[in-house]
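Got a new structure open and not sure where to start? Let's go through it together, one feature at a time.

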Amino acid sequence: MSSVTLEHVHKRFGQAKGVEDVHIHIESGEFFTFLGPSGCGKTTTLRMIAGFYFPTEGQIRFGSREVTSVPPHKRNTGMVFQNYALFPHMTVFENIAFGLQVRKLSRTETQERVEKMMKLVRLEGYGERRIDQLSGGQQQRVALARALVIEPQILLLDEPLSNLDAKLREETRFEIKRLQLELGITTIYVTHDQAEAMSMSDRIMVMQSGEVQQIGTPHDIYHRPVNRFVASFIGETNLWEGTVAGIEGDEVQVRVSSGQILTGLKKNASPQVRLAAGEKVTLSIRPESVMESTTGEEANTVTGAVVLAEFTGACVNYVTSVGDEQLRSMSINLGRPVKQRGDTIKLHIPKESIYFAG
Ligand SMILES: Nc1ncnc2c1ncn2[C@@H]1O[C@H](COP(=O)(O)OP(=O)(O)O)[C@@H](O)[C@H]1O
Ligand SMILES: [Mg+2]
């Protein structure tokens with residue numbers, strides 16, 4: 001296994017910007033994800049790590065070995081492409097064995113390693129099937145086995161689940177994570193799906209328009225988004241504008257559009273946020289942290305009118321208008337009566353659930 005370092009890596013395509021100044025160190029054995037909307041530069045960055053593109057500027061290292069302009073077949077990475085890129089007329093066995101034949105392994109060793117892989121990805125007994133006789137999920141597992149059979153130091157996955165339906169996507173998510181833990185392989189995973197990124201990764205790099213927005217653990221990125229883009233891209237959140245009214249000890253008082261003062265905690269501010277009286281701030285409040293008030297008297301209770309009430313069985317979701325803003329809330333159904341559109345509701349926002357986004 002190997003660590004991966006990208007040092008101030010840029011990629012331009014003629015005049016067009018691909019990615020700018022990607023600067024990361026991925027630990028050996030880490031599950032690291034590039035997350036962002038389509039066109040933000042995820043594939044470009046991954047392809048530079050695989051060696052299919054060379055950076056316009058910057059350096060790439062695997063451990064202490066510099067690989068910036070080393071061709072793909074000399075890098076020892078295994079790659080799963082978005083469309084799998086399998087050979088449709090060949091069998092499962094032949095597809096998985098391909099990389100070993102290129103490397104001129106003996107027949108017995110090839111046989112052994114392919115069979116071990118088929119077992120690992122739960123395709124035992126499928127060796128003689130043709131690719132076009134397999135389901136999408138099975139094809140995905142062949143692609144994974146083909147990438148892993150060469151025993152790469154680094155596994156690279158480009159949106160490997162995007163061709164699967166929702167249920168299979170979730171199952172396969174756990175399969176990939178299980179394999180990664182079992183093999184302890186450094187894994188770089190590309191996706192535009194935040195739930196996928198959150199559930200599988202040790203750390204996530206969020207990208208937009210070719211630029212890195214934030215690098216952190218799923219917990220950090222969820223709770224301490226550095227800007228509005230990250231806050232709204234990772235899960236749902238309420239973004240409220242406010243003005244700092246005062247600071248006392250660990251607590252920050254913020255006046256929101258309804259005129260009310262809400263209390264938050266200093267420690268919940270992203271590093272670049274300036275907390276000082278009179279400063280404009282953006283509050284990020286996750287829907288699941290907003291609770292229907294029981295007494296109406298807790299600190300940080302706001303009153304509003306229900307705009308939308310949604311009962312899903314397990315959950316009760318409201319959109320409530322408060323001042324000039326709306327507050328989305330989501331709670332587990334505890335059997336209380338559900339409010340209707342137009343009803344007045346009191347909602348409590350615990351001070352430890354208010355985050356200051358940049
Ligand atoms: N081979 C290429 N030639 C020209 N522009 C490219 C090429 N590959 C990617 N780009 C551009 O680089 C940007 C990032 O693309 P990409 O890395 O494919 O994004 P993502 O994988 O996040 O959807 C896009 O603006 C895209 O149009
Ligand atoms: Mg892509």
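What follows is a short chat between a learner and a teacher about helices and strands in this predicted model.

Q: Let's begin with a helix. How does the span of H3 fit with its 14 residues?
A: You can work out a span from 1.5 Å a residue and then look at the ends. For H3 that gives 20 Å, and its end C-alpha atoms are 20 Å apart, so the two agree.

Q: Which residues of H3 are buried?
A: Buried here means under 20% relative accessible area. In H3 these are Thr 110, Arg 113, Val 114, Met 117, Met 118 and Leu 120. They cover an arc of only 155 degrees around the axis, which means they sit on the same side of H3.

Q: And what does the face of H3 turned away from that side carry?
A: There you'll find the exposed residues Thr 108, Glu 112, Lys 116 and Lys 119.

Q: What do the buried residues of H3 pack against?
A: Look for H2, H4 and helix H5 (166-183). You can check the H2 side as well: the buried residues of H2 pack against helix H3 (107-120) and helix H4 (136-148). Among the buried residues of H2 (residues 92-102) are Val 92, Phe 93, Ile 96 and Leu 100.

Q: Where does the backbone take a positive phi around these helices?
A: Try the spots just past the helices. Lys 104, just after H2, has a positive phi of about 60 degrees, and Arg 122, just after H3, has one of about 60 degrees too.

Q: On to strands. How many bridges join S11 to S12?
A: To read a pair, follow the bridges and the direction. Strand S11 (residues 238-248) and strand S12 (residues 251-256) run antiparallel, joined by 6 bridges. For one spot to look at, Thr 243 stands opposite Arg 255 in S12.

Q: What sits between S11 and S12 in their hairpin?
A: There are 2 residues between them, and Gly 249 in the turn has a positive phi of about 60 degrees. S12 also runs antiparallel to strand S13 (residues 261-265), with 5 bridges. That hairpin has 4 residues between the strands, and Gly 259 takes a positive phi near 95 degrees.

Q: What is the strand order in the open sheet of 5 strands?
A: Read across the sheet: S15-S19-S16-S17-S18, with antiparallel pairing. The edge strands, S15 (291-292) and S18 (325-332), each pair on one side only. Inside the sheet order, S16 (residues 301-311) and S17 (residues 315-322) share 6 bridges, and Leu 308 has Val 319 in S17 as its bridge partner.

Terms used. Residues are numbered from 1 along each chain as its sequence is written. Chains are lettered from A and ligands numbered from 1 in the order in which they are written. This is a predicted model: local features need pLDDT of at least 70, side-chain atom pairs count only at pLDDT 80 or more; totals for chains, interfaces and linings use all residues. Side-chain values use heavy atoms; hydrogens and water are left out. Two strands pair if DSSP finds at least two bridges between them. Buried means under 20% relative accessible area, exposed over 50%, partly exposed in between (1.4 Å probe, protein chains only). Contact means heavy atoms within 4.5 Å. The expected span of a helix is 1.5 Å times one less than its number of residues. The arc is that of the directions from the helix axis to the C-beta atoms.
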